[in-house]
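Student: I'd like to learn how to read a protein model. Could you take me through this one step by step?

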Amino acid sequence: MARARACFRYQRHLAQAAGDAIALQVAISAVASAFGTLGAEPRGPLRYVSLYSGAFDVFLRALRWVQEHSWPRASVVPILAAEKRSSRRRLLQAEENYVHVVRSAARAAATGLGEVDLLTASPECPPLSKGRLLGGASATVRQATAERAIRRFACVMARAIRNMQPRVIIIEQVTGIATHYPGLLRTLLRKLRAADKAYAWMG
């Protein structure tokens with residue numbers, strides 16, 4: 001039994017590593033495509049902000065990859081990240097060299113940092129994840145919860161755009177929005193596209 005558990009854990013770690021590698025390739029494609037629309041090579045440091053990081057900040061790693069392969073004379077400066085878990089906040093600051101790491105996206109969005117080159121974000125996963133959508137709550141309750149989550153996210157993004165004036169915005173897509181709440185997705189996109197000097201990419 002112990003051997004079976006160990007084997008399962010090993011397979012799970014392999015699957016996670018493979019998933020991380022695929023996510024990184026998708027993120028590299030998104031970052032390269034988004035910056036490609038601007039048509040200009042950056043001359044100074046690329047200032048990066050993440051409103052949703054986790055332990056594996058895939059878009060920061062993607063930005064570093066694109067910078068190294070496309071703009072070797074530039075550099076990447078991770079300015080600010082938001083992450084709820086204290087252990088992950090410490091990891092992000094130690095491993096990824098963020099200047100600031102705060103607990104919430106709302107707090108990060110309110111920070112006056114000046115202009116940034118890339119802003120990445122994600123709506124809250126729990127209200128919009130597949131598991132929650134298929135859970136025991138009624139459709140009315142799920143809809144109301146999702147609407148509140150999208151409204152909060154849109155407000156946070158509007159504040160971040162005002163304070164940071166990002167050149168590029170990348171939104172990590174939560175499948176449930178497009179599948180189950182297309183009207184909410186259209187509302188969110190309208191708000192993002194109204195931002196000057198920003199390109200919104202939905203994956």
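Tutor: Let's start with the secondary structure: the chain has nine helices and six strands. Helices (H or I, at least four residues) and strands (E, at least two) are DSSP runs, numbered from the N terminus. This is a predicted model, where local features need pLDDT of at least 70, side-chain atom pairs count only at pLDDT 80 or more, and totals for chains, interfaces and linings use all residues. Residues are numbered from 1 along each chain as its sequence is written, and side-chain values use heavy atoms, with hydrogens and water left out.

Student: What percentage of the chain's residues count as buried?

Tutor: Buried means under 20% relative accessible area, exposed over 50%, and partly exposed in between (1.4 Å probe, protein chains only). Here 37% of the 203 residues are buried.

Student: And how do I read contacts?

Tutor: A contact means heavy atoms within 4.5 Å. Take the contacts in this chain with a separation of 6 or more: 75% of them involve residues 24 or more positions apart.

Student: Why does the length of helix H2 agree with what it should span?

Tutor: The expected span of a helix is 1.5 Å times one less than its number of residues. H2 covers residues 58–70, so its 13 residues should span 18 Å, and its end C-alpha atoms are indeed 18 Å apart. Buried residues in H2 include Phe59, Leu63 and Val66.

Student: What about helix H7?

Tutor: Try the same check there: the 26 residues of H7 (residues 139–164) should span 38 Å, and the ends are 37 Å apart by their C-alpha atoms, which agrees. Among the buried residues of H7 are Ile150, Phe153 and Met157. Right after H7 comes Gln165, with a positive phi near 45 degrees.

Student: Which strands are joined to S2?

Tutor: Two strands pair if DSSP finds at least two bridges between them. S1 and S2 run parallel and are joined by six bridges, with Leu46 opposite Val76 in S2. S2 and S3 run parallel too, joined by three bridges, and there Leu80 stands opposite His100 in S3. S2 is mostly covered, with six of its eight residues buried.

Student: What do S2, H3 and S3 make together?

Tutor: They make a right-handed β-α-β unit. A crossover is right-handed if, with the strands pointing away from you, the path from the first strand over the helix to the second runs clockwise.

Student: Is Ser50 buried or exposed?

Tutor: Ser50 has 0% relative accessibility, so it counts as buried. Ser50 sits in strand S1 (residues 45–50). Leaving out residues up to four places away in sequence, Ser50 touches Asp57, Leu80, Ala81, Ala82, Tyr98 and Thr120.

Student: How many aromatic pairs are there?

Tutor: Rings of Phe, Tyr and Trp (its six-membered ring) pair if their centres lie within 6.5 Å; planes under 30 degrees apart count as stacked, over 60 as edge-to-face and the rest as tilted. By this rule there are two aromatic pairs. In one, the rings of Phe35 and Trp71 have centres 5.5 Å apart and planes at 70 degrees, so that pair is edge-to-face. Phe35 belongs to helix H1 (residues 2–36) and Trp71 to the loop between H2 and S2 (75–82), 36 residues apart. Both Phe35 and Trp71 are buried. The pair of Tyr48 and Tyr98 is tilted, at 6.4 Å centre to centre with 40 degrees between the planes. Tyr48 lies in S1 and Tyr98 in the loop between H3 (86–96) and S3 (100–102), so this pair ties together parts 50 residues apart in sequence.
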